[in-house]
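Work through these exercises with the sequence and structure open. Each task is followed by a stepwise solution.

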Amino acid sequence: MNGGAQVEVVGLSASYGRMRVLESVRLTVEPGGWLAIIGPNGSGKSTLLRSILGFHPHQGLVRIDGLPTTGMPRRDRARCLAYAPQTPVLPDGVTTREYVALGRTPHRPLLAAPRGVDRQVVADVMDRLELGRLAERPLATLSGGEQQRAVLARALAQQPRVLLLDEPTASLDLGHAQQVLDLVDRLRRQDGLTVLSTLHDLTLAGQYADRLALLSEGRVVAEGPPFEVLTPAALHTHYGARADVVAGPNGPAVLPVRSET
Amino acid sequence: MTATAGRARSDSAQHAPRRRQPGLVMAGAGLALVAALLAGVWVGALPLPPGGVVNTLLDRLLGVDVSGGLSPTQEAVLLQLRLPRVVLAALVGAGLAISGAAYQGVFRNPLADPYLLGAAAGAGLGATLVIAYSPSQTLGPFGIVPLAAFAGALIGVGCALLLGTAAGGSHSATLLLAGVAVAAFLAAAQTLVQQQNTDDLREVYGWLLGQLGRAQWSDVVLVLPYLVPACLVLLLCGRALNVLAVGDDEASALGVHPGRLRLLVILAASMATAAAVAVSGLIGFVGLVVPHIARRLVGGSHALVLPLSLLIGGGFLVLADLVARVVLAPAELPIGVVTAFVGAPFFAGLLWVGARRR
């Protein structure tokens with residue numbers, strides 16, 4: 001694979017109708033870095049990802065390795081950015097292999113049949129993500145964790161330079177959430193992929209990402225290494241939460257505190 | 001974790017639908033279509049010797065020099081009555097079925113059928129208008145009713161697309177609602193015209209129920225130029241429709257333009273539908289049921305479902321027409337009645353089997 005790319009977001013603003021949901025967001029993710037966007041519900045995390053991908057109308061610039069994505073043909077963008085949404089649409093009657101193979105779409109003409117190289121990439125990705133024995137199973141019969149792995153596999157079959165993950169652990173229990181995040185971390189280290197994800201679980205965000213951006217009411221209110229962003233004061237101000245931040249093995253961990261009364 | 005994964009595995013191993021070899025299924029469907037075509041030309045009010053039928057067809061169609069051994073009357077029945085009718089039935093069935101499969105894929109909705117966006121209502125209004133008001137029954141070599149139905153179907157879908165696009169881009173839900181609105185409006189207009197012209201009710205109803213009884217070679221000539229390109233486009237779009245199945249956002253992230261693709265597929269499917277409706281009236285159920293049968297056989301990939309629907313749809317309608325001719329001979333049942341009569345219980349059975357398997 002080609003290694004990660006730098007992602008720059010400059011002055012990005014977006015609205016739903018008249019309601020402004022993102023206000024001059026500025027972010028940079030270095031090649032091979034993992035930036036997790038955190039923030040309370042409705043702070044604009046998913047909209048930010050969707051704007052970076054060009055699905056949501058917005059003002060401002062997104063640059064990949066210095067190249068603005070506006071006006072970039074969709075296929076070129078798809079060869080660079082891969083996206084796994086919070087609730088992926090899993091088509092009916094399709095096997096895991098057929099689903100993963102969709103990731104090859106930007107690499108060949110839309111109407112053309114898969115070539116040998118496409119099949120090879122799909123097989124490699126499925127081996128890496130231990131999906132081999134599930135290859136011929138209908139996607140709908142996979143467990144939640146397996147489905148999330150299949151979605152990741154589809155994204156990786158795009159051979160992207162940047163992975164955009166919207167709440168990759170949303171519907172998973174702790175063990176499966178860790179499996180998925182460990183996997184993303186491994187892929188990032190092995191291939192140098194850049195990862196930009198939203199994560200609502202602050203402790204997981206603190207343990208896995210190397211930088212956090214705290215989004216509140218559409219603005220980036222704090223950005224930096226996890227220990228700098230996850231502070232009791234920030235959690236109080238932006239989440240209205242009472243929490244201690246304790247040092248975990250790989251970063252800060254958030255410990256909710258009960259009300260005194 | 002291992003325990004749950006293990007249980008999920010054994011569960012789904014039992015319940016996973018058996019996948020058949022797509023190549024074999026395709027070949028089987030192709031053979032079934034040929035068999036249906038032969039049965040269609042062979043069975044009828046005037047019995048024809050099967051050997052003579054095959055020889056005459058080889059002689060006349062493929063240029064193999066064998067003597068058919070049919071009398072001139074028999075040959076005329078075969079070549080001027082049965083053959084165009086059977087060929088037309090196959091074309092109409094194939095067109096409706098592949099359009100239905102395409103609509104279901106484009107709208108990600110298993111209940112979609114080719115008449116969804118106003119094609120049926122538009123064609124109905126067009127046909128009713130000319131049956132009620134047109135002084136002449138022909139225009140050049142073609143009947144006026146097919147032409148009006150064709151135009152009506154295209155206008156119906158065109159209105160739905162315009163309304164849907166104006167109301168909210170190319171989202172499938174908006175398009176669907178626009179289609180429902182247009183269809184309701186056109187159907188109301190048709191009822192109004194019908195009420196004003198009760199003398200023509202019988203003819204209008206006959207047309208609405210679907211008929212292939214007056215099929216001629218000119219009908220085949222009328223549909224071919226529209227049906228063939230439309231079906232080719234749809235067949236080419238199979239893989240692209242697979243990408244659309246993951247939703248608009250994810251399809252965009254894979255480098256596809258969902259709106260453009262949806263428009264192309266809808267236009268091609270509507271063209272095929274309009275051509276089919278023009279020569280056969282409104283034949284229900286084929287476009288809805290056949291894609292589901294195809295999906296049961298080869299899974300959800302549109303690259304397989306579309307061509308298989310084409311083959312099964314053609315064979316199914318030839319057989320349905322055969323039943324329509326034979327059951328009450330010498331009278332004929334409307335073919336729409338047969339497709340619904342056979343199709344509905346069959347579909348119910350499929351659903352029942354599917355539910356038990358799940």
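**Exercise 1.** Which residue in S8(A) does A:Leu163 stand opposite?

*Solution.* This is a predicted model, in which local features need pLDDT of at least 70, side-chain atom pairs count only at pLDDT 80 or more, and totals for chains, interfaces and linings use all residues. Residues are numbered from 1 along each chain as its sequence is written, and chains are lettered from A and ligands numbered from 1 in the order in which they are written.
- Step 1. Locate strand S8 of chain A at residues 194–198. Strands are DSSP runs (E, at least two residues) and helices are runs of H or I (at least four), numbered from the N terminus.
- Step 2. S7(A) and S8(A) run parallel, joined by five bridges. Strands pair if DSSP finds at least two bridges between them.
- Step 3. The partner of A:Leu163 is A:Val195.
- Step 4. Between S7(A) and S8(A) the chain passes through helix H6 (residues 174–191), a right-handed β-α-β crossover. Right-handed means that, with the strands pointing away from the viewer, the path from the first strand over the helix to the second runs clockwise.

**Exercise 2.** Find what pairs with S7(A) through four bridges.

*Solution.*
- Step 1. The strand is S6(A), which runs parallel to S7(A).
- Step 2. A:Tyr83 stands opposite A:Leu164 in S7(A).

**Exercise 3.** Why is S7(A) largely enclosed by the rest of the structure?

*Solution.*
- Step 1. Apply the burial cut-off: 20 or more other C-beta atoms, placed from the backbone, within 10 Å of the residue's own.
- Step 2. One side holds buried A:Val162, A:Leu164 and A:Asp166; the other holds buried A:Leu163 and A:Leu165.
- Step 3. Five of the five residues in S7(A) are buried, so the strand is largely enclosed.

Technical notes:
Buried ≥ 20, exposed ≤ 12 C-beta atoms within 10 Å, placed from the backbone.
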